[in-house]
Amino acid sequence: MRRIRVATDVGGTFTDLVYYEIDGESGAMESFRTEKAHTTPPDFEKGVLDTLDKAGLDYAAIDFFAHGTTVVINALTERKGARTGLITTHGFRDVLEIARGNRPDFFNLRYRKPEPFVPRYLRREIRERMSCKGEVLAELRLDDLAPIIEDFRAAGVEAVAICLLHSYANPSHEKAVLDRVRALWPEVASVASHQLSQEWREYERSSTAVLCAYVRPSAGKYLAGMEDALETRGFPGSFYVMQSNGGIDTVKAVRETPITIVESGPASGVLGAASLGRLLGLENIIAFDVGGTTAKCSLLDRGRVATTNRYVVERSDVSSGYPIMTPVVDIVEIGNGGGSIGWVDEHARMHVGPRSAGALPGPVAYNRGGTEPTTTDANLLLARINPRYFTGGSIEPDMDAVRAAL
């Protein structure tokens with residue numbers, strides 16, 4: 001009896017599948033194949049199922065399924081997450097905006113800090129205070145929560161992040177606030193900083209909790225849709241999600257704290273580069289991955305994949321970015337991929353990205369309704385990509401539309 005092991009990766013433009021069959025008796029690998037299909041936002045699971053159907057796989061024979069995705073990082077870079085509110089300790093609502101003084105563009109007198117994901121009117125305070133040793137200095141006033149929740153409801157908040165002072169030392173107040181929020185408002189997505197990190201540094205913990213809450217509704221819906229679709233088609237095996245640290249976790253755990261898969265797909269690419277390097281006898285490697293929405297780069301020193309819990313999204317020479325305090329394969333990433341849209345600002349300066357055409361409508365060349373020129377369109381027109389063998393010959397690019405758009 002043959003068993004099938006499957007891995008899929010959802011990118012901003014394409015969804016990829018890799019699978020191989022194993023002989024049930026000998027355990028030897030029988031065959032190894034790949035498939036590719038368009039990503040299908042907002043129902044990303046459809047693109048995954050398309051790759052499985054193109055491969056003609058028997059769902060009942062799949063006993064292991066590992067799933068990687070760039071849905072979380074793309075939601076952050078394109079600002080397509082949920083409207084988020086923050087609840088924090090009295091006197092600390094501006095930690096998210098004060099951030100750090102270690103700005104990269106230090107001598108720029110016009111420097112502006114990155115815009116917080118939560119505007120000030122959606123950052124609220126609750127009376128309580130914990131010491132750095134976990135001692136209660138001021139009792140938690142849970143009565144403060146009801147009016148905050150009502151205001152959040154009225155403002156159209158879809159997710160709530162909770163980060164209380166020194167909850168890494170004693171999370172009891174934070175747990176109580178999280179429980180009360182879920183009791184008062186069960187339908188809202190909510191997350192607390194102690195679920196993600198139990199290390200000190202208030203700004204980094206606040207940022208991590210906010211970014212996790214920001215992507216939780218969309219990530220939760222997407223992963224639930226994936227599980228339901230596979231179960232409906234008779235998949236009996238184990239379904240896991242690739243984490244940013246290079247490991248895998250259950251869907252239930254990831255839906256609770258989806259920021260742990262912020263670099264899910266890219267982390268897989270770095271691990272793949274390390275494996276390929278071992279086969280080729282190479283230890284010092286630069287792994288470079290250009291997707292539809294972002295471009296990623298990682299350095300492998302002596303064959304080792306480095307991880308960090310000081311990861312920063314959108315860090316550049318002129319921006320300090322947004323810190324995430326969870327273990328992540330050490331990757332540098334920018335919002336510029338094959339689907340990144342070229343545009344001109346009010347000062348006649350040209351930019352590319354971070355907004356992407358994605359899979360729908362996609363680059364103009366795909367002839368799926370796109371009208372804004374992308375990096376892919378430019379490369380086709382410059383013949384850096386062969387128009388006669390575009391995506392392996394599976395798509396005939398509309399070069400007239402590309403010329404018109406550019």
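**Exercise 1. What volume does the largest cavity have?**

Before we start: this is a predicted model, where local features need pLDDT of at least 70, side-chain atom pairs count only at pLDDT 80 or more, and totals for chains, interfaces and linings use all residues. Residues are numbered from 1 along each chain as its sequence is written, and side-chain values use heavy atoms, with hydrogens and water left out.

Solution.
- Step 1: fix the term. On a 1 Å grid over the protein atoms alone, a cavity is a set of points where a 1.4 Å probe fits but cannot get out; a pocket is an open set with protein on both sides within 12 Å along at least five of seven lines; lining residues have an atom within 4 Å of a point. Grid points are joined across faces, edges and corners, and the volume is the space filled by probe spheres set on the points.
- Step 2: count. There are two cavities of 30 Å³ or more.
- Step 3: read off the value. The largest cavity comes to about 40 Å³.
- Step 4: look at the walls. Its lining consists of Thr 88, Phe 92, Val 95, Cys 163, Leu 165, Glu 202 and Ser 206.

**Exercise 2. Work out the strand order of the four-stranded open sheet, then place a helix on it.**

Solution.
- Step 1: get the rules straight. Helices (H or I, at least four residues) and strands (E, at least two) are DSSP runs, numbered from the N terminus. Two strands pair if DSSP finds at least two bridges between them.
- Step 2: write the order. The sheet reads β6-β5-β9-β10, with parallel pairing.
- Step 3: find the edges. β6 (123-126) and β10 (189-192) each pair on one side only.
- Step 4: check the twist. Neighbouring strands are turned by 20 degrees against each other on average, direction ignored. Axes here are lines fitted to C-alpha atoms, for helices over the stretch in contact, and angles run from 0 to 180 degrees between N-to-C directions.
- Step 5: zoom in on one pair. Strand β5 (residues 84-89) is joined to β6 by four bridges, and Leu 86 stands opposite Arg 123 in β6.
- Step 6: add the helix. α5 (residues 172-184) lies across β5, β6, β9 (159-163) and β10, at about 175 degrees to β10.

**Exercise 3. How many disulfides does the rule give?**

Solution.
- Step 1: a disulfide is a pair of cysteine sulfur atoms within 2.5 Å.
- Step 2: try Cys 212. Its closest cysteine sulfur sits in Cys 163, 12 Å away, so that's too far for a bond.
- Step 3: the count comes to zero disulfides.
- Step 4: as a side check, compare exposure. Buried means under 20% relative accessible area, exposed over 50%, partly exposed in between (1.4 Å probe, protein chains only). Cys 212, at 0%, is buried, whereas Cys 297, at 29%, is partly exposed.

**Exercise 4. Which element gives the largest share of the lining of the second largest pocket?**

Solution.
- Step 1: this pocket holds about 730 Å³ of space.
- Step 2: its lining has 27 residues, and Glu 314, Ser 316, Val 318, Ser 319 and Pro 354 lie nearest the centre.
- Step 3: list the elements giving two or more residues: α2 (71-77), β16 (311-313), β19 (332-334) and β21.
- Step 4: β21 wins with four residues.
- Step 5: see how β21 is held in place in the fold diagram. Strand β21 (residues 350-356) pairs with β20 (residues 340-344) in the antiparallel sense over four bridges, with His 351 as the bridge partner of Trp 343.
- Step 6: inspect the turn. Five residues lie between the two strands of this hairpin, and Ala 348 takes a positive phi near 65 degrees.

**Exercise 5. Is Tyr 111 buried or exposed, and what does Tyr 111 touch?**

Solution.
- Step 1: locate Tyr 111 in the loop between α3 (95-98) and β6.
- Step 2: with a relative accessible area of 10%, Tyr 111 is buried.
- Step 3: list contacts (heavy atoms within 4.5 Å). Leaving aside neighbours within four places in sequence, Tyr 111 is in contact with Arg 103, Pro 104, Asp 105, Val 318, Ser 319 and Ser 320.
- Step 4: check the sequence separation. Tyr 111 and Ser 319 are 208 residues apart in sequence, yet 8.6 Å apart in space, C-alpha to C-alpha.
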